[in-house]
Amino acid sequence: MTEEEVCAEGVAKIVVDLTGLLAALQSATIPGKPWQRQLLRDLDEADTHLQILRLTIAMNRRDDEVLSAARSLTSVLTRAASTIGRGRADQGTRDATRLLAGLAKELHARLEAYAE
């Protein structure tokens, strides 16, 4: 397997993991409290950015477009993790949002390395 194939496989795995964890956290969050409603808004925004990222990859767009989509996703998830970390969320929700942000950062780093 070439280095490009290994990188592409790693990116694909992270995208699948992000998609599954994002969907699980969305379905587990009940919009009863303000922090939960904010989290759901952030997760919806992240889902939109993840869809854009998948489309830019699938359409073989330029590297800068793929990186821009990954950067937007990372930004939203990092903001959500920061907001949840300071709020009244339970530990499981905090851990899940930190994991999402970490996966997004790893995805962005891999895409940057691939673009070079």
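## A charged network at Arg62

The side chains of Arg62 and Asp64 meet in a salt bridge, 3.1 Å from N to O. This is a predicted model. Arg62 counts as exposed because its relative accessibility is 52%, and the cut-off for exposed is over 50%. Asp64 is partly exposed, with a relative accessible area of 44%. The pair is not isolated: salt bridges that share partners join Arg61, Arg62, Asp64 and Glu65 into one network.

## Arg79 and its two partners

The count of salt bridges comes to eight. One of them pairs Asp42 with Arg79, with 2.9 Å between N and O. Asp42 lies in helix α2 and Arg79 in helix α3, so this bridge ties together parts that are 37 residues apart in sequence. How accessible is Asp42? Asp42 has a relative accessible area of 3%, so it is buried. Arg79, at 38%, is partly exposed.

Arg79 also forms a salt bridge with Glu45. Here the closest N and O atoms are 3.0 Å apart. Glu45 lies in helix α2 and Arg79 in helix α3, so this pair links parts 34 residues apart in sequence. Glu45 is partly exposed, with a relative accessible area of 31%. Arg79 therefore bridges to Asp42, a buried residue, and to Glu45, a partly exposed one.

## The nonpolar core

The largest nonpolar core holds 30 residues. Within this core, Leu18, Leu53, Leu73, Leu77, Leu107 and Leu111 touch the most other members. Helices α1, α2, α3 and α4 each give two or more residues to the core. The largest share, nine residues, comes from α3.

Leu77 shows how such contacts reach along the chain. Leaving out residues up to four places away in sequence, Leu77 touches Leu18, Leu22, Ala46, Thr97, Leu100, Ala101 and Ala104. Leu18 appears in this contact list, and Leu18 is also among the core residues that touch the most other members.

## Ile14 in helix α1

Ile14 lies in helix α1, which spans residues 3-28. Is Ile14 buried or exposed? Ile14 counts as buried because its relative accessibility is 7%, and the cut-off for buried is under 20%.

Which residues does Ile14 touch, beyond those up to four places away in sequence? They are Leu103, Glu106, Leu107 and Arg110. Leu107 is also one of the core residues that touch the most other members. Ile14 and His108 are 94 residues apart in sequence, yet 10 Å apart in space, C-alpha to C-alpha.

## The largest pocket

The largest pocket has a volume of about 300 Å³. It is lined by 16 residues. Those closest to its centre are Val11, Ile57, Val66, Leu111 and Tyr114. Leu111 is also named among the core residues that touch the most other members.

Which elements give two or more residues to the lining? They are α1, α2 (34-58), α3 (63-86) and α4 (91-115). The largest share of the lining, five residues, comes from α1. By residue type, the lining divides into 11 nonpolar, two polar and three charged.

Methods: Residues are numbered from 1 along each chain as its sequence is written. This is a predicted model: local features need pLDDT of at least 70, side-chain atom pairs count only at pLDDT 80 or more; totals for chains, interfaces and linings use all residues. Side-chain values use heavy atoms; hydrogens and water are left out. Helices (H or I, at least four residues) and strands (E, at least two) are DSSP runs, numbered from the N terminus. Buried means under 20% relative accessible area, exposed over 50%, partly exposed in between (1.4 Å probe, protein chains only). Contact means heavy atoms within 4.5 Å. On a 1 Å grid over the protein atoms alone, a cavity is a set of points where a 1.4 Å probe fits but cannot get out, and a pocket is an open set with protein on both sides within 12 Å along at least five of seven lines; lining residues have an atom within 4 Å of a point. Grid points are joined across faces, edges and corners, and a volume is the space filled by probe spheres set on the points. Ala, Val, Leu, Ile, Met, Phe, Trp, Tyr, Cys and Pro count as nonpolar, Asp, Glu, Lys and Arg as charged, and the others, Gly among them, as polar. A nonpolar core is a set of buried Ala, Val, Leu, Ile, Met, Phe, Trp, Tyr and Cys residues joined through side-chain atoms within 4.5 Å. A salt bridge is a side-chain nitrogen of Lys or Arg within 4 Å of a carboxyl oxygen of Asp or Glu.
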